[in-house]
Structures are given as structure tokens and as C-alpha cells.
Amino acid sequence: MAYDVAAVRAHFPALREGAAHFDGPGGAQVPDVVGEAVRATLTSAIANRGSVTAAERKAEEVVRTARRTLAEFLNAGSIVFGRSMTQLTYDFSRTLSKNWRPGDEIVVTRLDHDANVRPWVQAAEAARATVRWASFDRTTGELPVESVTKLLSDRTRVVAITAASNLLGTRPDVAEISRAAHEMAAFVYVDGVHYTPHVPVDVEAMDADFFVCSPYKFLGPHLGVLAAAPELLETLRPDKLLPSTNAVPERFELGTLPYELLAGTTAAVEFMRGLDGLEEHELALRHQLENGLQELGVRIYSKASSRTPTVLFSVDGLEPAEVYRRLGAEGVNAPAGHFYAIEASRWLGLGDKGAVRAGIAPYTDESDVDRLLKAVARLR
């Protein structure tokens with residue numbers, strides 16, 4: 001069955017405002033079913049989790065359903081919820097680094113969002129561990145496996161790597177990197193924030209020890225999710241309040257969970273599961289966009305052989321912020337910047353100004369791409 005983008009778009013009230021949204025990599029628009037799940041939960045009789053009252057049982061069921069749904073969606077073991085991927089990564093970097101010693105090594109990449117760089121760099125500095133940097137190819141945008149594996153040693157404690165670059169869309173071979181890292185008894189911490197909205201996730205196949213993602217990037221509420229094997233989580237001792245539970249995964253969650261956002265996340269996953277043919281749809285639109293930009297003589301930086309439907313580009317003679325502003329004035333939302341992938345932007349020679357990023361989402365259609373291309377053509 002062909003992907004019915006019109007039927008998908010009908011579920012997104014935000015699209016009625018008229019903009020062509022290419023800003024999904026920073027946060028997707030939300031379908032009506034997600035908003036309704038949040039509203040229904042927030043206005044229902046609900047309390048702290050428990051088993052005595054109906055309100056307590058409602059909260060317990062919302063949490064259990066969200067954990068089960070995310071675990072199935074990611075093909076993962078245990079699910080930890082947090083305010084954001086950044087918050088979760090800081091929390092886990094502090095927990096893991098309790099056992100680091102001077103001379104231990106941490107591997108990070110210049111392709112990653114800073115949320116999977118700075119927490120590890122700062123934790124390493126505090127533990128007097130060594131940070132080793134893996135660089136990607138500036139011309140192709142590729143992060144070869146050997147650029148990471150050549151840095152590994154028996155002192156490597158964590159390899160932090162993205163499953164897909166939020167700046168370029170590049171998808172490294174995480175499974176092969178994980179295999180090599182595990183031979184050195186290192187943990188692999190995978191940022192799947194930009195990957196999860198576009199590709200079926202299989203944490204087990206990736207062989208990732210930790211996988212983090214953000215529901216608001218795949219049509220859900222603002223939240224952070226971490227997946228890991230329960231056996232691994234049992235070995236970690238985070239800082240927590242004395243009376244809070246010591247059970248896994250709850251001991252990693254600080255304070256009361258946002259039940260309404262968990263319900264919205266469950267609804268978002270269920271909506272995503274119904275999008276048969278999404279990859280093919282997004283790939284076709286990416287080709288349409290890239291071909292059109294090339295015909296216009298626009299400089300494209302997203303060139304990796306395996307990548308998400310994300311295109312980073314610049315227009316000669318115009319600052320990225322000016323392109324962003326002028327596109328926005330025409331109802332085309334394609335923002336500019338480094339998008340917190342500051343190391344990647346600098347490595348590309350784009351500095352802190354970055355470039356313009358156009359991200360294709362489940363609700364993007366051919367007319368959106370046409371609008372973007374026509375708006376870019378008028379810039380020249």
C-alpha cells in the first residue's frame with residue numbers, strides 16, 4: 001500500500017496554520033491523538049503511583065504501558081524516563097564516571113550533538129580521564145568505523161556515538177563500532193535522538209549498552225528516554241533521595257514522572273507504528289529536495305551514503321541566518337545554525353554560524369518541498 005501522506009497530514013492541526021515545516025529535527029509537529037492522550041490523562045483522576053485507589057492505579061498503568069510500549073518500539077530491555085536526553089546523559093555520565101580513574105579513556109566523536117559530547121568530556125575532566133576524539137570526513141560527511149576503533153584500548157571505558165547526525169543526517173555503523181568497543185570491555189552510549197524518527201530502531205541489534213532518544217522528535221511530547229538492559233542498570237548506583245525506591249529502573253528517575261507526557265509518548269509510538277512506507281516516502285522527498293537544490297547551485301553538506309532525510313545546505317553570498325529569515329517570511333520553516341552539533345559545524349568549517357537545515361518528517365509532502373525550492377530560488 002502506498003504511503004498516504006494526505007491522510008497522515010490530516011492528523012496534524014498545526015499544519016492548518018499554513019507553514020511548510022522542515023524544522024522537525026529540532027522538534028516535530030504533533031498529531032491530534034497525542035494531544036488528546038495528554039489532555040485525557042492530565043484531566044483524569046490520577047495520583048501518585050500505587051495500588052490502593054483507582055487514581056493511584058491509573059498512574060501505575062500509564063507508567064507501565066509507556067515502559068512496555070517504548071521497550072517494544074526500541075527492541076530494548078528496560079526504559080528510564082527523564083526530562084530530556086541531555087539531562088539523562090548528564091545523569092548517566094556522572095554515575096558511570098564514579099568508577100573512572102586517571103588514565104582511563106573516553107571516546108567521543110566530532111559528528112555528535114553536544115549532548116553526547118560535553119557530559120562525557122566534563123565527566124572525564126572531573127575524573128582526570130583522557131578524552132579521545134573521532135573525526136568524520138569533511139568532504140563526505142562519513143564517520144568510518146576505523147576512525148573510532150583505532151582509538152580504542154583496554155583503558156577505554158565509554159564510547160559515545162550518534163546513530164544519526166542531527167546536523168548532516170550521517171548514520172555511522174553503530175553495530176560494528178559496538179562490537180569493537182565491547183572487545184575492549186567498554187560501554188557504548190548511543191544518541192538515537194535524530195535516528196528514531198526515521199528508522200526502525202533495534203537496540204539489541206545495535207549492541208548498544210545505552211540508547212537515548214527524545215519523543216518530541218518522533219511526534220510526541222517533550223521528554224527523554226533511555227533504554228538499557230535491566231541487568232546492566234542493576235550494577236549502577238546513581239545519586240538519589242534516601243526514601244526513594246532502589247528498584248530498577250525507578251532509581252534513575254528523580255521525582256514524580258509526568259504521567260500525561262508518558263501517555264502522549266505511548267500515543268506517539270502507536271501513531272508511528274501505523275506509518276507503513278515511511279522510509280520510502282521520506283527518501284523520495286529527500287531525493288526531490290537534493291536534486292532541486294543541486295540544480296539551483298546550492299552547496300550541500302549532507303553526502304554520506306547512509307543518512308536520514310536531513311539536508312544541510314548554504315547559499316553562497318548569504319549568511320545562514322539571513323536565508324532562514326527570508327524562507328520563514330515565505331512560510332517555509334527551515335532554520336539555520338549549528339543545532340548544538342557545535343563540534344561538527346566547526347569541523348566542517350562552518351564555525352558557530354552553521355548552515356541551513358531542512359528536515360523531512362512523516363507529514364512532509366511534495367508541495368512542501370516545492371515551496372522550499374521555489375523560496376530558495378528567489379534568494380539568488
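**Exercises: one helix and one strand**

The end C-alpha atoms of residues 22–372 lie 9 Å apart, and this span is 38% helix and 15% strand. Helices (H or I, at least four residues) and strands (E, at least two) are DSSP runs, numbered from the N terminus. We're working with a predicted model, where local features need pLDDT of at least 70, side-chain atom pairs count only at pLDDT 80 or more, and totals for chains, interfaces and linings use all residues. Residues are numbered from 1 along each chain as its sequence is written, and side-chain values use heavy atoms, leaving out hydrogens and water.

**Exercise 1.** Work out where the buried residues of helix 11 sit around its axis.

*Step 1.* List them: Leu278, His281, Glu282, Leu285, Arg286, Leu289, Glu290, Gly292 and Leu293 are the buried residues of helix 11. Buried means under 20% relative accessible area, exposed over 50%, and partly exposed in between (1.4 Å probe, protein chains only).

*Step 2.* Check the arc: they cover only 165 degrees around the axis, which puts them on the same side of helix 11. The arc is that of the directions from the helix axis to the C-beta atoms.

*Step 3.* Now flip over: the face turned away from the buried side of helix 11 carries the exposed Glu280, Gln294 and Glu295.

**Exercise 2.** Find which way the side chains of strand 7 (residues 210–213) point.

*Step 1.* Recall the rule: in a regular strand, side chains alternate between the two faces of the sheet.

*Step 2.* Look at strand 7: Phe210 and Val212 point one way, Phe211 and Cys213 the other way, and all are buried.
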